[in-house]
Amino acid sequence: MNNIRSTLATVWRIASPYFNSEDKWAGRGLLGAVVIIELASVFLTVLFNRWNNVFYNALQERDQAVFTYQIGYFCVLAAFWIGLKVYQLYLNQWLQIRWRRWMTTRYLGGWLHDANHYRMQLLGDAADNPDQRIAEDTQRFVEQTLTLGIGLLSAVVTLASFVFILWGLSNQAPLHLFGRDIAIPGYLVWGALVYATLGTVLTHVIGRPLANLNFRQQRFEADFRFNLVRTRENAEQIALLDGEPVERTRLLDRFGFVVANWLDIMQRTKKLTAFTATYSQAAVIFPYVLIAPAYFANKIQLGGMMQTASAFSSVQDSLSFFITAYRTLAEWQAVIARLDGFENSMRGGDALAQRQDIIHVKPTGGDRIDLDDLLVTLPDGKPLLAADGFSLRDNEHTLVTGPSGAGKSTLFRAIAGIWPFGDGAVEIPANASLMMLPQRPYLPIGSLHDAVVYPGQAASYDAGRVREVLTAVGLPQLAARLEEQAHWNRMLSLGEQQRLGIARALLHAPQFLFLDEATASLDEPSEAALYRLIAERLPGTTVVSIGHRSTLDAFHQRNVTLVRDGDRFTLRDAVKVAAS
């Protein structure tokens, strides 16, 4: 019971925001229309049930006039039924896409808000495969929630409607055994209740493991798909290393989890299906077994018998909702758990950014970046580097060096405000623009124009200006391909990608430009040419570089090195040697 309450509370927490959002009136209106149509459908089911009595009595009595009239009446009911079902499906699908669009927008906003996706990874990313949760789980949640919710409503309303009919029919056709009537008020209702209760209990006992199995199956499928994508994206490195056998083995191992869990689902589903199929087939004849003695004793006519069987079936189906929907319920529960985990992970990332015991980035009125009593740690709290009273001064190009693992790139992340682990503050001039260029720049899939100006909008950058910058950084062959759509991280060499990164910096002209070995894949003359280009085109930009080549000294007025100080590294100004 506690598990059911917890699940329903989670469903309410995930679902209710939409119906209180800016799209609430459309959502509520569509949901109301779907519910009203379902209630109208139940009312038509009651009319069909009454039609059974009259129609089959007409057949028994060979009354052609009544028979003909009832055929026409059935056609009218059927026309209304078809119209209701068509528009119920249409409005249901309309509600689904609006609801899913809102959830997708909300999740993308929470995931991509203020580097939250990165913090979620730093925290261990308990919500694995966010792509699946946003793309697939939202669709399943919306569809299955509506299907199960409307189905449950229909079952409750149908039960309320037909239980009185069935109770009355029980009085008209009392239980007849061994040649005499046995007075059991509403015995048909009790028979349906006992039958459905036993079926529900046994279904739950047999099918209970399916919820966890479905949860695991979705995770294994997503992991396998993610690793396939990783293999595709790193095809060159795999081919260069002859890594295909290892990749094939690794992927087959991942797929092995998919197969093993699927076999477990098969075994459990086989048992569940064997029971539910038996239950459903027995339910067809069960009402006739109960009512047939009264019919053969001439207590009721054929029409009454058919109406009773129809009413019993409706009551029994309503009581058996849990049985017929069990597999969907198991899948739904797995989807709920995944979305709940994703929301918790997003909240955890947001909460991390709000903590006091982290590195805080603060705006200042000065013109330099100050590191105030800064301590950068690893996620487990282990100290990495410290800096106090250290400044990156405006228009003073700075080269940062140090041994591998000293935390140079992590320092850049802390200055950018995406590395929270540690203490102290990074003070940045108010309204200052910062750009971080890593060794491998991110180039979104799409047109080359979009890739170069990222994260800006293509419409904000004149195509002629973009072509000129591409030529300036040494990529004249790409200048005519601005509108070409491609996966540029795969199409271009790392050196070409780094040239595109410099082109991006020239277009955006940030106040502070951080180059994290952003030219390391270029030869020294090409690297020197790009640094001279930055100095020429961006005279007001302060460049801070991470690099290991001594040739970079000529392009920086200040050298800073990370040196070991106990259990951490510290920033220390190095003495520049004047060129002879």
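These legends go with close-up views of a predicted model.

**View 1. Four aspartates make a negative patch on the surface.** Look for Asp372, Asp373, Asp388 and Asp423, which together form this patch. Asp423 sits in strand β8, which covers residues 422-429. With a relative accessible area of 43%, Asp423 is partly exposed, because anything between 20% and 50% falls in that class.

**View 2. Asp373 has a positive phi without being a glycine.** The phi angle here is about 50°. Asp373 belongs to strand β4, residues 369-377, and is also one of the members of the negative patch in View 1. Its relative accessibility is 53%, so Asp373 counts as exposed, the cut-off being over 50%.

**View 3. Asp114 also has a positive phi.** Again this is not a glycine, and phi is about 50°. Asp114 lies in the loop that links α3 (64-112) to α4 (116-122).

**View 4. The largest nonpolar core holds 39 residues.** Within it, Leu470 and Leu515 are the ones that touch the most other members. Two or more residues each come from β9 (434-437), α14 (448-453), α15 (463-472), α17 (494-508), β12 (512-516) and α18 (524-537). The biggest contributor is α17, with six residues. In soluble globular proteins, nonpolar side chains do tend to be buried together.

**View 5. A cis peptide bond links Tyr454 and Pro455.** Omega comes out at about 5° for this bond. Pro455 is found in the loop between α14 and α15, and both of those helices give residues to the core in View 4.

Notes. Residues are numbered from 1 along each chain as its sequence is written. This is a predicted model: local features need pLDDT of at least 70, side-chain atom pairs count only at pLDDT 80 or more; totals for chains, interfaces and linings use all residues. Side-chain values use heavy atoms; hydrogens and water are left out. Patches are made of residues with over 30% relative accessible area and no salt bridge: like charges are joined within 9 Å, nonpolar side chains (Val, Leu, Ile, Met, Phe, Trp, Tyr) within 5 Å. Accessible areas come from the Shrake-Rupley method with a 1.4 Å probe; for residues, only the protein chains shown count as cover. A salt bridge is a side-chain nitrogen of Lys or Arg within 4 Å of a carboxyl oxygen of Asp or Glu. Lys and Arg count as positive and Asp and Glu as negative; His and the chain ends are not counted. The place of a charge is taken as NZ of Lys, CZ of Arg, CG of Asp or CD of Glu. Buried means under 20% relative accessible area, exposed over 50%, partly exposed in between (1.4 Å probe, protein chains only). A nonpolar core is a set of buried Ala, Val, Leu, Ile, Met, Phe, Trp, Tyr and Cys residues joined through side-chain atoms within 4.5 Å.
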